[in-house]
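Here's a quick tour for anyone meeting this protein from scratch. Have a look at the picture, then read on.

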Amino acid sequence: MLGSFKLNFILLYIICGFCVAYFGVYILKHQYLGRIWGAIIVSVIGAFLGALLSSVVISSSMDLFNIASAMLLASISLFIFGKASRYHND
């Protein structure tokens with residue numbers, strides 16, 4: 001089973017993805033394929049990939065750098081998704 005420490009960080013990565021999606025949809029007013037739900041899915045996946053890549057490359061446990069890299073990769077993945085969804089009508 002997952003310990004409460006790891007579960008807290010998993011929830012933190014999900015919240016990071018939600019925050020990036022909220023910022024992109026409601027604050028910056030970008031249009032994404034699937035609206036808010038598409039943005040949430042892409043940014044949460046990006047947050048998990050960012051945390052995974054930083055923990056593999058640096059081989060450190062969960063710390064502030066993993067959270068920053070999760071936010072960064074979630075933002076990059078949402079940016080790329082925004083560029084790709086520009087050419088599709090919802």
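## Starting with helix H2

Let's begin with what H2 tucks away. Its buried residues are Ile 36, Gly 38, Ala 39, Ile 40, Val 42, Ser 43, Val 44, Gly 46, Ala 47, Gly 50, Ala 51 and Ser 54. Bear in mind that this is a predicted model.

H2 itself covers residues 35-58, which makes 24 residues. From first C-alpha to last it reaches 34 Å, close to the 34 Å expected at 1.5 Å a residue. Right after H2 comes Ser 59, with a positive phi near 55°.

## On to helix H3

H3 takes in residues 64-85, 22 in total. Its reach between the first and last C-alpha is 31 Å, close to the expected 32 Å.

Which residues of H3 are buried? They are Asn 66, Ile 67, Ser 69, Ala 70, Ala 74, Ser 77, Leu 78, Phe 81, Gly 82 and Ser 85. When reading a list like that, it helps to know that an α-helix has 3.6 residues a turn, so residues three or four places apart point the same way.

## The whole protein

Stepping back, the protein has 3 helices and 0 strands, so to speak an α-α-α run from the N terminus on. Of its 90 residues, 34% are buried.

How much of the contact count comes from residues 24 or more positions apart? Among contacts with a separation of 6 or more, such pairs account for 65%. As for the outside, the accessible surface comes to about 6,100 Å², and carbon and sulfur atoms own 74% of that.

Technical notes
Residues are numbered from 1 along each chain as its sequence is written. This is a predicted model: local features need pLDDT of at least 70, side-chain atom pairs count only at pLDDT 80 or more; totals for chains, interfaces and linings use all residues. Side-chain values use heavy atoms; hydrogens and water are left out. Helices (H or I, at least four residues) and strands (E, at least two) are DSSP runs, numbered from the N terminus. The expected span of a helix is 1.5 Å times one less than its number of residues. Buried means under 20% relative accessible area, exposed over 50%, partly exposed in between (1.4 Å probe, protein chains only). Contact means heavy atoms within 4.5 Å. Accessible areas come from the Shrake-Rupley method with a 1.4 Å probe; for residues, only the protein chains shown count as cover.
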